[in-house]
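Student: I would like to go through the labels used for this structure. Can we take them one by one?

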Amino acid sequence: MFTLMRLSNVSKHSTMKALLLILTQCRFEFEKLCLDIGVHCSLTSLKSAVEEVERQLITMALNEYKTLKQVALALKVDESTISRKIKKLSIPLR
């Protein structure tokens, strides 16, 4: 799994590179899974890709920080946004 970067200390360029790396890894894993089960894979929608990146970033932050407030601060969003996305993306809390 990827190590969570403290986004407050990372430039926008580095953050975008990290997101691209996550998307690339997700795409690779998706294609490998499709090959393993013999299913033709196609490009995913932008919405699905964004949701997957959000799911991974929030999950990594939840593993690193103790409270939702700390997670929100690390990801530079409001705490209510984190709570809403946890519910929407069905992210399990520890």
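Tutor: What follows is a set of questions on helix packing, salt bridges and exposure. Keep in mind that the model is predicted.

Student: Why are H2 and H3 called oblique to each other?

Tutor: Helix H2 (residues 46-64) and helix H3 (residues 68-75) pack at an angle of about 125°. Roughly perpendicular covers 65 to 115 degrees, and roughly antiparallel needs over 145. The angle of H2 and H3 fits neither range, so the pair is oblique. Their axes are 9 Å apart, and the crossing is right-handed.

Student: What makes up the contact of H2 with H3?

Tutor: From H2 come Leu57, Ile58, Ala61 and Leu62. They meet Leu68, Val71 and Leu75 in H3. By class, that is seven nonpolar, no polar and no charged residues.

Student: Which residues of H2 and H4 meet?

Tutor: Glu51, Glu54, Ile58 and Leu62 in H2 meet Ile82, Lys85, Ile86 and Lys88 in H4. This contact has four nonpolar, no polar and four charged residues. Ile58 and Leu62 also belong to the H3 contact. Helix H4 (residues 79-88) packs on H2 at about 115°, with the axes 11 Å apart. The crossing here is left-handed.

Student: How do you know that Glu51 and Lys88 form a salt bridge?

Tutor: The N to O distance is 3.7 Å. The cut-off is within 4 Å. The pair therefore qualifies. Glu51 lies in H2 and Lys88 in H4, so the bridge ties together parts 37 residues apart in sequence.

Student: Is Glu51 buried or exposed?

Tutor: Buried: its relative accessibility is 19%, and the label needs under 20%. Its partner Lys88 is exposed, at 55%; that label needs over 50%.

Student: What makes Glu54 and Lys85 a salt bridge?

Tutor: Their side chains meet at 3.0 Å, N to O. That is within the 4 Å limit. Glu54 is in H2 and Lys85 in H4, 31 residues apart. Glu54 has 22% relative accessibility and counts as partly exposed.

Student: Where do Arg55 and Glu52 lie, and how far apart are they?

Tutor: Both are in helix H2, three residues apart, so about one helical turn separates them. Their salt bridge spans 2.9 Å, N to O.

Student: Why is Arg55 called partly exposed?

Tutor: Its relative accessible area is 26%. Buried needs under 20% and exposed over 50%, so Arg55 falls in between. Glu52, at 26%, is also partly exposed.

Student: How many salt bridges does the search of the whole structure find?

Tutor: Three.

Definitions and conventions
Residues are numbered from 1 along each chain as its sequence is written. This is a predicted model: local features need pLDDT of at least 70, side-chain atom pairs count only at pLDDT 80 or more; totals for chains, interfaces and linings use all residues. Side-chain values use heavy atoms; hydrogens and water are left out. Axes are lines fitted to C-alpha atoms, for helices over the stretch in contact, and angles run from 0 to 180 degrees between N-to-C directions. Helices (H or I, at least four residues) and strands (E, at least two) are DSSP runs, numbered from the N terminus. Angles under 35 degrees count as roughly parallel, over 145 as roughly antiparallel, 65 to 115 as roughly perpendicular and the rest as oblique. A crossing is left-handed if the near helix is turned anticlockwise from the far one by less than a right angle, and right-handed if clockwise. Contact means heavy atoms within 4.5 Å. Ala, Val, Leu, Ile, Met, Phe, Trp, Tyr, Cys and Pro count as nonpolar, Asp, Glu, Lys and Arg as charged, and the others, Gly among them, as polar. Buried means under 20% relative accessible area, exposed over 50%, partly exposed in between (1.4 Å probe, protein chains only).
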